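Q: I am new to this structure and should be grateful for a close look at a single part of it, the sheet. Please explain how the sheet is arranged and how the rest of the chain is placed around it.

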Amino acid sequence: MAGWSAMAGMHDFVVPDEAAAQASAEELAAYGFPRVLARPHPDGGWLVMALDEGPYPVDTVGRR
């Protein structure tokens with residue numbers, strides 16, 4: 001689609017426990033993701049979510 005550009009996206013990771021979630025969240029925040037969240041995953045483990053605020057180019061080059 002000509003002129004299309006996504007404004008943001010989320011990266012989701014499932015890790016085995018709270019300690020791994022905290023470590024992963026700290027690493028993602030240090031890398032530069034502006035918002036990182038963690039919560040227990042309903043199927044076990046922990047879900048770590050990182051906001052990638054974009055914007056993205058029209059093609060797939062340049063994404064994190």
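A: The account below begins with the chain as a whole, turns to the sheet, and then considers the helix and the core.

The model is a predicted one. Its chain contains three strands together with one helix, and the order along the sequence is β-α-β-β. Of the 64 residues, 22% count as buried.

The three strands form an open sheet, in which the order is β1-β3-β2 and the pairing is antiparallel. The edges are taken by β1 (9–15) and β2 (35–40); each has a single partner strand, so one side of each is left without a neighbour in the sheet. From one strand to the next, the twist averages 20°. Backbone hydrogen bonds are, in general, the means by which strands of a sheet pair, whether parallel or antiparallel. In this model, six bridges join β2 and β3 in the antiparallel sense. Within this part of the sheet, L37 stands opposite M49 of β3.

Strand β3 also holds D52. D52 counts as buried because its relative accessibility is 5%, where the cut-off for a buried residue is under 20%. The D52 side chain makes a polar contact, at 3.4 Å, with the side chain of H11.

The helix, α1, lies across β1, β2 and β3, and runs at about 10° to β3. One residue to examine here is A25, which touches V36 and V48 when residues up to four places away in sequence are not counted.

A25 and V48 also belong to the largest nonpolar core, which has eight residues in all. The other members of this core are V15, A21, L28, F33, W46 and A50. At least two residues of the core come from α1 (18–31), and at least two come from β3 (46–52). As a general tendency, nonpolar side chains in soluble globular proteins are buried together.

Two values for the whole chain complete the description. Among contacts between residues at least 6 apart in sequence, 57% join residues at least 24 apart. The accessible surface comes to about 4500 Å², and carbon and sulfur atoms account for 57% of that surface.

In summary, the sheet has the order β1-β3-β2, α1 lies across its three strands, β1, β2 and β3, and both α1 and β3 supply residues to the largest nonpolar core.

Notes:
Residues numbered from 1 in each chain as written. Predicted model: local features only at pLDDT ≥ 70, side-chain atom pairs only at ≥ 80, totals over all residues. Heavy atoms only, no water. Helix = DSSP H or I, 4+ residues; strand = E, 2+ residues; numbered from the N terminus. Buried < 20%, exposed > 50% of the residue type's maximum accessible area, 1.4 Å probe, protein only. Contact = heavy atoms within 4.5 Å. Areas by Shrake-Rupley, 256 points an atom, 1.4 Å probe, with all protein chains shown as cover. Core = buried A, V, L, I, M, F, W, Y, C linked by side-chain atoms within 4.5 Å. Polar contact = N/O pair within 3.5 Å; in protein donor to acceptor, adjacent residues only side chain to side chain. Pairing = 2+ DSSP bridges. Axes fitted to C-alpha atoms, helices over the stretch in contact; angles between N-to-C directions.
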